[in-house]
Amino acid sequence: MDVAFVRHRGDSHGAQGVTSKDVHAIGLISDTHGLLRPRVHEAFAGVELILHAGDVGGDEILDELSLIAPVLAVYGNTDAPDQPRLSESIERTIGGVSIHVSHGHEVGSPTPARLLARYPAQVIVYGHTHRQHVAQVDGRLVVNPGAAGAKRFKLEASVGRLTIVDGRADVEIVPLE
């Protein structure tokens with residue numbers, strides 16, 4: 001992807017009774033593989049939570065991210081599933097929007113269609129492919145923030161910022177180089 005950022009507004013089936021002061025900024029990251037680029041601090045400035053979609057590469061990554069905001073993380077195919085700080089998946093509702101996070105490898109080769117069929121959340125966050133991807137299907141968002149670790153496959157390192165306002169989700173892919 002050769003653009004500076006990708007922004008996508010989703011119709012996340014807004015929650016009733018949510019006020020305009022209900023604004024949430026969440027950092028989305030995946031595939032760090034033991035490397036946390038310094039620009040992640042800038043990209044995640046002001047987020048209230050960081051969701052890591054797996055292939056973390058060690059507790060040092062989670063420790064560094066926790067200097068920015070609280071971190072919830074899932075294990076990927078290169079992480080040991082018995083690591084106490086990693087979960088198989090994360091299910092949260094934030095600002096009236098349901099969010100699912102998993103690495104994606106559990107569905108084989110992850111695609112939006114496979115993930116949407118398996119998880120009912122309004123926003124699905126995954127990793128594994130190292131490719132940034134945002135899809136909107138029937139008002140639901142499927143987001144791969146790309147790989148934030150070492151550059152592989154000639155892909156640009158990136159993270160995502162999920163913003164929820166008035167029960168609506170908006171995602172931005174932020175390059176790290």
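In this predicted model, residues 24 or more positions apart account for 52% of the contacts in the chain with a separation of 6 or more. A contact here means heavy atoms within 4.5 Å. Local features need pLDDT of at least 70 and side-chain atom pairs count only at pLDDT 80 or more, while totals for chains, interfaces and linings use all residues. Residues are numbered from 1 along each chain as its sequence is written, and side-chain values use heavy atoms, with hydrogens and water left out.

**The chain as a whole**

The chain has 3 helices and 12 strands. These are DSSP runs numbered from the N terminus: helices are H or I with at least four residues, and strands are E with at least two. Of the 177 residues, 51% count as buried. Buried means under 20% relative accessible area, exposed means over 50%, and partly exposed lies in between, using a 1.4 Å probe and protein chains only. About 8100 Å² of the chain is exposed, and carbon and sulfur atoms supply 50% of that area. Such areas come from the Shrake-Rupley method with a 1.4 Å probe; for residues, only the protein chains shown count as cover.

**A buried residue in strand 2**

Let us look at I26, which lies in strand 2 (residues 23-29). Its relative accessibility is 1%, so I26 counts as buried. Leaving out residues up to four places away in sequence, I26 touches V47, L49, L51, I94, G160, R161, L162 and I164. One of these partners, I94, is 68 residues from I26 in sequence, yet their C-alpha atoms are 9.5 Å apart in space.

**Two hairpins**

I94 also belongs to strand 6 (residues 90-94), which pairs with strand 7 (residues 97-101) in the antiparallel sense over 5 bridges. Two strands pair if DSSP finds at least two bridges between them. Across this pair, I90 stands opposite V101. The hairpin has 2 residues between its strands, and G95 there takes a positive phi near 60°.

Strand 11 and strand 12 also run antiparallel, joined by 8 bridges. In this pair, G160 stands opposite I173 in strand 12. Strand 12 is mostly covered, with 6 of its 8 residues buried. This hairpin too has 2 residues between the strands, and D166 has the positive phi.

**Two aspartates with positive phi**

D55 and D166 each have a positive phi although they are not glycine. How buried or exposed is each of them? The table sets them side by side.

| Residue | Phi | Loop between | Relative accessible area |
|---|---|---|---|
| D55 | near 55° | strand 3 (49-52) and helix 2 (59-65) | 2%, buried |
| D166 | near 50° | strand 11 (158-165) and strand 12 (168-175) | 32%, partly exposed |

**Empty space inside**

Rolling a probe the size of a water molecule over the atoms shows where empty space is left. A search of the whole structure finds 2 cavities of 30 Å³ or more. A cavity is a set of points, on a 1 Å grid over the protein atoms alone, where a 1.4 Å probe fits but cannot get out; lining residues have an atom within 4 Å of a point. Grid points are joined across faces, edges and corners, and a volume is the space filled by probe spheres set on the points.

The largest cavity has a volume of about 40 Å³. Its lining includes H130, A147, K151 and E156. By class, the lining has 4 nonpolar, 2 polar and 3 charged residues. Ala, Val, Leu, Ile, Met, Phe, Trp, Tyr, Cys and Pro count as nonpolar, Asp, Glu, Lys and Arg as charged, and the others, Gly among them, as polar.

Notes:
On a 1 Å grid over the protein atoms alone, a cavity is a set of points where a 1.4 Å probe fits but cannot get out, and a pocket is an open set with protein on both sides within 12 Å along at least five of seven lines; lining residues have an atom within 4 Å of a point.
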